[in-house]
Amino acid sequence: MTSQLPSLPEAKSQAKTHRREHADQGTEISHSQSLEWVARQHGFRDWNAFHAAIGDRPPAAWTPDGRVTGTYLSRAFKATVVSSAPVSPGWFRLTLDFDEPVDVVHFDSFSNFRKRVQCVVGPSGTTKEKTSNGQPHVVLGR
């Protein structure tokens, strides 16, 4: 068993990658077979036992004092996670403290800097809320 278990989204991503690798080699396996394989790789007898062990917790970087990078309103940032709380399966409310304030205005005539923001991000590391050009408000790097 590995010392640090992945989050649920990370485990499912591992299963998708495993399934795709098999398909690339000409061997089709089901999604459930891939999930079972991931569980065994982490020392569990089956997916149900593994799922119960990992629960619905955020990726390690999304926990308090974790370090994240990404974009906020299309501006790059590096930040420390101040708080993290589950909202619904796979979705977490994060409070981010930016290393350097982020200017959220795209005009030369004035600026508006943010140092700390709250957001709700999903399994893909993005918010549901989007700007007028269709970009998520927050995109966390992996």
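## Contacts of Phe-77

Leaving aside residues up to four places away in sequence, Phe-77 touches Val-68, Thr-69, Gly-70, Thr-71 and Tyr-72, and its contacts also include Leu-96, Phe-98, Val-102, Val-139 and Leu-140. These contacts, like everything that follows, are read from a predicted model.

## The largest nonpolar core

Phe-77 is among the residues with the most contacts inside the largest nonpolar core, which has 19 residues, and it shares that standing with Val-68, Tyr-72, Leu-94, Leu-96, Phe-98 and Leu-140. Two or more residues of this core come from each of strand 1 (67-72), strand 2 (75-88), strand 3 (91-103), strand 4 (113-121) and strand 5 (138-140). Strand 3 gives the most, with five residues.

A second core, separate from this one, consists of twelve residues and includes Ala-39, Trp-47, Ala-49 and Phe-50.

## Helix 3 and its two sides

In helix 3 (residues 47-54), the buried residues are Trp-47, Ala-49, Phe-50 and Ile-54. Because they cover an arc of only 160° around the axis, they lie on the same side of helix 3. The buried residues of helix 3 pack against helix 1 (8-24) and helix 2 (31-41), whereas Asn-48 and Ala-52, on the other side of helix 3, are exposed.

## The ends of helix 3

At the start of helix 3, Asp-46 places a side-chain oxygen within 3.3 Å of the backbone nitrogen of Asn-48, the residue that is itself exposed. Just after helix 3, Gly-55 adopts a positive phi of about 55°.

How values were computed. Residues numbered from 1 in each chain as written. Predicted model: local features only at pLDDT ≥ 70, side-chain atom pairs only at ≥ 80, totals over all residues. Heavy atoms only, no water. Core = buried A, V, L, I, M, F, W, Y, C linked by side-chain atoms within 4.5 Å. Buried < 20%, exposed > 50% of the residue type's maximum accessible area, 1.4 Å probe, protein only. Helix = DSSP H or I, 4+ residues; strand = E, 2+ residues; numbered from the N terminus. Contact = heavy atoms within 4.5 Å. Arc of directions from axis to C-beta. Polar contact = N/O pair within 3.5 Å; in protein donor to acceptor, adjacent residues only side chain to side chain.
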